[in-house]
Amino acid sequence: MLQKFDERNKNIKVWVKDGLYSRDKAKVSVFDSVVQGGDAVWEGLRVYPAGIFLLDRHLNRLFESAKALAFTDIPDIAFIKNALKETLDANNMQKDTHIRLTLTRGEKITSGMDPRLNQAGSCLIILPEWKPPVYDNDHGITVFTSTIRRNNPSFLDSKIHHNNLLNNIQAKIQSNVAGKDAALMLDYFGFAAELNGTNIFMVKGDKVYTPFASACLHGITRGLILELCQKNNIHIEERNISLTELYNADEVFCTGTMGELTPIVEIDGRNTKNSTGYQMLNKLITLFEATKQNHCIPLN
Ligand SMILES: Cc1ncc(COP(=O)(O)O)c(C=O)c1O
């Protein structure tokens with residue numbers, strides 16, 4: 001297991017709906033929509049001394065997800081930013097912190113699916129934890145291809161960052177059984193979509209490829225890597241990628257708020273070729289680190 005309990009998180013304070021509660025008192029109702037049907041949207045945020053990384057883009061994705069799910073009570077940016085500031089201040093957290101920001105459709109008057117039963121407003125949850133990047137970026141991770149396919153927009157659009165995570169959790173269970181760090185999920189047609197919690201990239205020669213964002217989450221880190229490649233004249237292309245191409249790629253890596261940029265060293269028992277000594281990945285990590293500060297948004 002990559003994550004362990006961190007003693008520093010024993011007494012954290014968590015924002016729930018309208019105020020801060022200690023970890024043992026931070027709870028939602030059994031009538032809350034997230035309990036009833038995973039009916040919530042969320043973002044993972046990373047805190048650096050200069051602020052929250054790409055906060056504007058994360059909040060934009062949260063708002064778009066909530067709009068797509070027809071949430072009627074979406075708190076405004078000022079409310080969320082103020083709640084984030086109060087939460088980080090109360091925990092004295094300015095670095096090595098990961099925030100799980102969740103917006104549920106709120107409490108229902110009785111159990112059921114119908115959003116008209118939600119008459120108490122939405123519920124914002126800000127869960128901050130001491131959590132340095134989760135993956136071991138020096139040694140990389142191993143992955144196993146799951147038989148569970150990533151949803152495409154015909155079923156549940158991956159452009160909605162929702163809490164109905166069973167699709168990915170089932171894949172993760174399969175990778176656990178296989179003894180690997182993460183699950184590689186294919187799309188409906190059998191092309192690579194993403195890992196169960198991160199986006200995937202491959203390098204062939206001097207070109208970088210990543211799957212279309214039709215079945216994967218349109219990751220914020222993924223988006224930044226696309227931009228960094230474009231700005232630095234690195235050939236980057238979104239396209240269908242088959243497993244055979246991944247097995248024979250020069251470099252394979254994944255991206256996400258939890259782990260930043262992480263090499264994938266093994267796929268389905270094949271060592272990834274890595275004929276380049278991760279030259280491209282290292283170049284991208286350097287570009288990513290150089291731009292990090294500029295993309296941190298302070299909470300004033
Ligand atoms: C399924 C999935 N893919 C990719 C990512 C990475 O996205 P981001 O770079 O926005 O953290 C996440 C993060 O929540 C995720 O849940």
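User: How far apart are the C-alpha centres of domain 1 and domain 2?
Analyst: They lie 26 Å apart. The bounds, from an automatic or database domain assignment, are 7-130 for domain 1 and 141-292 for domain 2. This is a predicted model: local features need pLDDT of at least 70, side-chain atom pairs count only at pLDDT 80 or more, and totals for chains, interfaces and linings use all residues. Residues are numbered from 1 along each chain as its sequence is written.

User: How many residues are in contact across the two domains?
Analyst: 19 residues of domain 1 touch ten of domain 2; contact means C-beta atoms, placed from the backbone, within 7 Å.

User: Which strand gives the largest share on the domain 1 side?
Analyst: Strand 3, with eight residues. Strands are DSSP runs of E, at least two residues; helices are runs of H or I, at least four; both are numbered from the N terminus.

User: Switching to the ligand. Which residues are closest?
Analyst: Gly219, Ile220, Thr221, Gly256 and Thr257, out of 14 around the ligand. Near means a C-beta atom, placed from the backbone, within 6 Å.

User: Which helix gives the most to that shell?
Analyst: Helix 5, with three residues. Helix 5 spans 220-231, and strand 13 (251-256) also supplies at least two.

User: And strand 1, how does it run against strand 2?
Analyst: Antiparallel, over four bridges. Pairing takes at least two DSSP bridges. Val16 partners Gly19. The two strands form a hairpin with two residues between them, and Lys17 in the turn has a positive phi of about 65°.

User: What stands opposite Val16 in strand 6?
Analyst: Ile125. Strand 1 and strand 6 are antiparallel too, with two bridges.
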